[in-house]
Amino acid sequence: MTVYHLNLFNDDDVWDEEGQDFADLDAAEREAVRNARDVIAEHVRHGMPIDLNHRLEIVDGDGTILKVVRFGDCVYFKH
Amino acid sequence: MPSHPAFELFVRKLCERSRLTDEERRAILAIDGQEVEIPPHRDIVRPGEVTEFSCLVVSGMAARFGQLPDGTRQITAVYIPGDMCDLYSLMLPKVEWALQALSSRLTIIKVPHRQLLELVRAYPAVAEAFWRDCVADASILSQWVVNVGRRDARMRTAHLFCEIGLRMEKAGLGSRTAFQLSAIQSQLADALGMTPVHMNRVIRALRQDNLLLVQGRDVQVPDWDALAAVGGFDGAYLELDDRWRRVE
């Protein structure tokens, strides 16, 4: 297990100081998508705008960015 | 032999809701059990396991949870020192929900069901007190369902911190405005029905409003009334009406 931190860059920047254990980076990415969708859902519930460029960054213990998950990669729209 | 402080705390909690005579109190304090230290995050009782004991929290915190086949958990109760987590298991030793240690070192006393059964058969008022304790547990659970089902993220977070603070204060473990919460962020998120990132965002927003400061395990609530207002928190459900403290 490795500790990864999921930092949120949304209308406010929220640093994940504690981090969480994940089996690998793929598992951390799946969790990042799930977390981003949860934040987006709360925005939807409150009628707040969703900026598709807002993002979650997955970083390791040294602060190195390993993956970026954009809100736009987590939701799909049909017109 | 002096009784264990955790049992003293348990009896004190029972007596907030039930009127017990000295003899009845002494009978509860005379129970003994096996003191066990549970490593962080470890399950104490697994889903579907048949238990022969109930767990009295000595130090640290425990949680009740339900689990989906993919391993996702929802925490449905948090237990603090002096709480007999699964008193209901005395009547129902096999349930599909279970108990886990929250992050810090948890110490519990495993209290054999056999001893508890002997006690309630000898003292009907103790049986009533235990029953009322289970009602209190259900009362909290009922609030939690409303919390995760109907309150938004900010409200439900405020509500949970108000409840735990008030319970810690009653147990003499800090105050409602300053206490320690032994849970890592993923566990807290499991209790709130949110993802950790979302929860961190909410806690940060509450911090910016100077309502809630969470630093590691230390929780501070600068303005408790304001936080209670945000959460729509009314602690009456923790009290139960003491007019019914003893059924004559």
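Which residues of chain A does the UniProt annotation "domain: DUF6894" cover? Select residues 4-71 of chain A, since that is the stretch given to this domain in the UniProt record, an unreviewed entry. The model on screen is a predicted one, and the tour begins inside this annotated stretch. Over residues 4-71, chain A is 31% helix and 32% strand, and the C-alpha atoms at the two ends of the stretch are 19 Å apart.

**Strand β1 of chain A and its partners**

Now select strand β1 of chain A, residues 2-9, and display the backbone together with strand β4 of chain A, residues 55-59; β1(A) and β4(A) pair in the antiparallel sense over 5 bridges. Within that pairing, pick out A:His5, whose bridge partner in β4(A) is A:Val59.

Add strand β3 of chain A, residues 20-22, which pairs with β1(A) over 3 bridges, again in the antiparallel sense. Here A:Val3 is the residue to label, as it stands opposite A:Asp21 in β3(A).

Finally, bring in strand β2 of chain A, residues 13-14, which runs antiparallel to β1(A) and is joined to it by 2 bridges. The connection from β1(A) to β2(A) is a hairpin through 3 residues, and A:Phe9 can be found opposite A:Asp13 in β2(A).

**The side of chain B that touches chain A**

Show both chains and select the residues of chain B that are in contact with chain A: 14 residues of chain B meet 15 residues of chain A. The elements of chain B that give two or more residues to this side are α6 (185-192) and α7, and α7(B) gives the most, with 7 residues. Coloured by class, this side of chain B has 6 nonpolar, 5 polar and 3 charged residues.

**Helix α1 of chain A against helix α7 of chain B**

Keep α7(B), residues 196-208, and add helix α1 of chain A, residues 25-45; these two helices pack at an angle of about 50°, with their axes 7 Å apart. At that angle, α1(A) is therefore oblique to α7(B). To see which residues make the contact, display A:Asn35, A:Asp38, A:Val39 and A:Glu42 from α1(A), and B:Pro196, B:Val197, B:His198 and B:Arg201 from α7(B). The contact of α1(A) with α7(B) comprises, by class, 3 nonpolar, 2 polar and 3 charged residues.

**Helix α6 of chain B**

Move next to α6(B), a helix that is mostly covered, with 7 of its 8 residues buried. The buried residues to select are B:Gln185, B:Gln187, B:Leu188, B:Ala189, B:Asp190, B:Ala191 and B:Leu192. What do the buried residues of α6(B) pack against? Their surroundings are β4, β5, α4 (124-150), α5 (153-170) and α7, each belonging to chain B. Just after α6(B), stop at B:Gly193, which takes a positive phi of about 65°.

**A last stop at B:Thr72**

Is B:Thr72 buried or exposed? Select B:Thr72 in the loop that lies between β4 (62-67) and β5 (73-79) of chain B. B:Thr72 is exposed, because 11 other C-beta atoms lie within 10 Å, where a count of 12 or fewer is the cut-off for calling a residue exposed. To close the tour, draw a distance from the C-alpha atom of B:Thr72 to that of B:Arg132, a residue 60 positions away along the chain; the separation is 31 Å.

Technical notes
Residues numbered from 1 in each chain as written. Chains lettered and ligands numbered in written order. Predicted model: local features only at pLDDT ≥ 70, side-chain atom pairs only at ≥ 80, totals over all residues. Axes fitted to C-alpha atoms, helices over the stretch in contact; angles between N-to-C directions. Helix = DSSP H or I, 4+ residues; strand = E, 2+ residues; numbered from the N terminus. Parallel < 35°, antiparallel > 145°, perpendicular 65-115°, else oblique. Contact = placed C-beta atoms within 7 Å. Nonpolar A, V, L, I, M, F, W, Y, C, P; charged D, E, K, R; others polar. Buried ≥ 20, exposed ≤ 12 C-beta atoms within 10 Å, placed from the backbone. UniProt positions renumbered as here; feature names shortened; annotations may be inferred. Pairing = 2+ DSSP bridges.
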